[in-house]
Amino acid sequence: MATLITILIGFFAAFNLSILSVFSYEPAPLQDFCVADPSNQGSVRVNGMACKNPLFVQADDFYYSGLHIPGDTGNSYGYRVSPVTVYQIPGLNTLGLSMMRIDYAQWGSNPPHTHPRATEIFTVLEGTLQVGFITSDPLNRLVTKVLQRGDVFVFPVGLVHFQRNMGHSNATAIAALSSQNPGVISITNSIFGSTPPIETEVLAQAFGVDNKTVHLLKKKFIHV
Ligand SMILES: *[C@@H]1O[C@H](CO)[C@@H](O)[C@H](O)[C@H]1NC(C)=O
Ligand SMILES: *[C@@H]1O[C@H](CO)[C@@H](O)[C@H](O)[C@H]1NC(C)=O
């Protein structure tokens with residue numbers, strides 16, 4: 001990887017392509033930290049962010065307050081994610097982890113989704129949650145369990161997973177993810193809510209349903 005980056009840098013230098021930003025990646029940090037500096041758009045970026053001058057780094061660059069506040073679950077799914085990623089804590093840049101609080105109303109659910117860049121380790125602080133992930137093709141096996149307060153579960157990187165409150169009470173969970181910016185692909189939003197929309201015939205064929213059913217689903221998820 002490092003060799004490839006060296007070659008690329010050499011290539012840019014040889015052709016005087018100095019205006020191009022070089023995006024590079026090393027599995028382990030080569031410095032104490034690289035606190036993201038969103039105001040600095042011009043210099044070399046590490047994991048997508050420019051580094052703040054280490055002399056100006058403060059404790060607050062590694063700090064966030066607010067996970068004691070329950071998220072508003074007043075939506076049709078009955079859940080809310082409160083993320084703490086590199087966008088909330090700039091000091092997480094290059095460090096490869098982040099955190100989330102998830103609140104669930106009674107019978108609320110975090111619908112099927114994947115984190116393209118992170119494995120997730122998840123613990124229940126309050127309530128009873130069914131959790132599950134689905135293995136990849138061809139087995140597509142559902143691995144599922146009901147968790148109580150204090151139980152811990154892992155969602156492997158990239159796999160589609162979900163959580164559902166079993167309805168006894170509100171529920172709260174905390175998750176740690178192995179990326180500063182894990183990303184989220186919501187299955188329904190990406191398939192039925194893309195902009196511009198995927199052609200109806202493609203989805204009708206994929207799901208083995210008629211156009212009318214696809215139109216109905218698109219109407220639920222399209223957000224313009
Ligand atoms: C569940 O959470 C909602 C929203 O925060 C709140 O209004 C409600 O009182 C809670 N219910 C219980 C049983 O704690
Ligand atoms: C489904 O819609 C497409 C246009 O979006 C059309 O070409 C096709 O004939 C339709 N199929 C049926 C069975 O109505």
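**Exercise 1. Get a feel for the whole chain.**
Work out how much of the protein counts as buried, and what the overall make-up looks like.

*Solution.* Start with burial: 36% of the protein's 224 residues count as buried. Keep in mind that you're working with a predicted model. Next, the surface: the accessible area adds up to about 13600 Å², and carbon and sulfur atoms own 62% of that. Then run through the secondary structure, which gives 13 strands and four helices. Last, look at contacts with a separation of 6 or more: 67% of them involve residues 24 or more positions apart.

**Exercise 2. Hunt for aromatic pairs.**
Find how many aromatic pairs the whole structure holds, then describe the one formed by Phe133 and Phe153.

*Solution.* Searching the whole structure turns up seven aromatic pairs. Among them is Phe133 with Phe153, whose ring centres sit 6.1 Å apart with 45° between the planes. Planes under 30 degrees apart would be stacked and over 60 edge-to-face, so the label here is tilted. Now place the partners: Phe133 is in strand β8 (residues 129–134) and Phe153 in strand β10 (residues 152–155), so this pair links parts of the chain 20 residues apart. As for burial, Phe133 and Phe153 are both buried. Finally, step back from the pair: Phe133 and Phe153 belong to one aromatic cluster along with Phe122 and Phe155.

**Exercise 3. A second pair, this time between helices.**
Characterise the pair of Phe192 and Phe207, and decide for each partner whether it is buried or partly exposed.

*Solution.* Geometry comes before location: the centres of Phe192 and Phe207 are 5.2 Å apart and the planes make 40°, another tilted pair. Phe192 belongs to helix α2 (residues 187–192) and Phe207 to helix α3 (residues 200–207), so the pair ties together parts 15 residues apart in sequence. Now check the accessible areas against the cut-off for buried, which is under 20%. Phe192 has a relative accessible area of 7%, so it is buried. Phe207 comes in at 47%, so it is partly exposed.

**Exercise 4. Find the buried faces of α3 and α4.**
For helices α3 and α4, list the buried residues, say how they are arranged around the axis, and name what they pack against.

*Solution.* Take α3 to begin with. Its buried residues are Thr200, Leu203 and Ala204. Looking down the axis, these fall within an arc of 100°, so they line one face of the helix. Over on the other side of α3 you'll find Glu201, Gln205 and Ala206, which are exposed. The cover over the buried residues of α3 includes α2 and α4. Right after α3 comes Gly208, with a positive phi near 65°.

On to α4 (residues 211–221), where Val214, Lys218 and Phe221 are buried. Their arc around the axis is only 70°, which means they sit on the same side of α4. Turned away from that buried side, the face of α4 carries exposed Lys212, Leu216, Lys219 and Lys220. The buried residues of α4 pack against α2 and α3.

**Exercise 5. Spot a nonpolar patch.**
Which residues make the nonpolar surface patch of about 240 Å²?

*Solution.* The patch is made by Ile121, Val152 and Val154. Ile121 sits in strand β7 (residues 120–126). Patch members need over 30% relative accessible area. Ile121 has 43%, so it counts as partly exposed.

Notes. Residues are numbered from 1 along each chain as its sequence is written. Chains are lettered from A and ligands numbered from 1 in the order in which they are written. This is a predicted model: local features need pLDDT of at least 70, side-chain atom pairs count only at pLDDT 80 or more; totals for chains, interfaces and linings use all residues. Side-chain values use heavy atoms; hydrogens and water are left out. Patches are made of residues with over 30% relative accessible area and no salt bridge: like charges are joined within 9 Å, nonpolar side chains (Val, Leu, Ile, Met, Phe, Trp, Tyr) within 5 Å. Accessible areas come from the Shrake-Rupley method with a 1.4 Å probe; for residues, only the protein chains shown count as cover. A salt bridge is a side-chain nitrogen of Lys or Arg within 4 Å of a carboxyl oxygen of Asp or Glu. Helices (H or I, at least four residues) and strands (E, at least two) are DSSP runs, numbered from the N terminus. Buried means under 20% relative accessible area, exposed over 50%, partly exposed in between (1.4 Å probe, protein chains only). Contact means heavy atoms within 4.5 Å. Rings of Phe, Tyr and Trp (its six-membered ring) pair if their centres lie within 6.5 Å; planes under 30 degrees apart count as stacked, over 60 as edge-to-face and the rest as tilted. The arc is that of the directions from the helix axis to the C-beta atoms.
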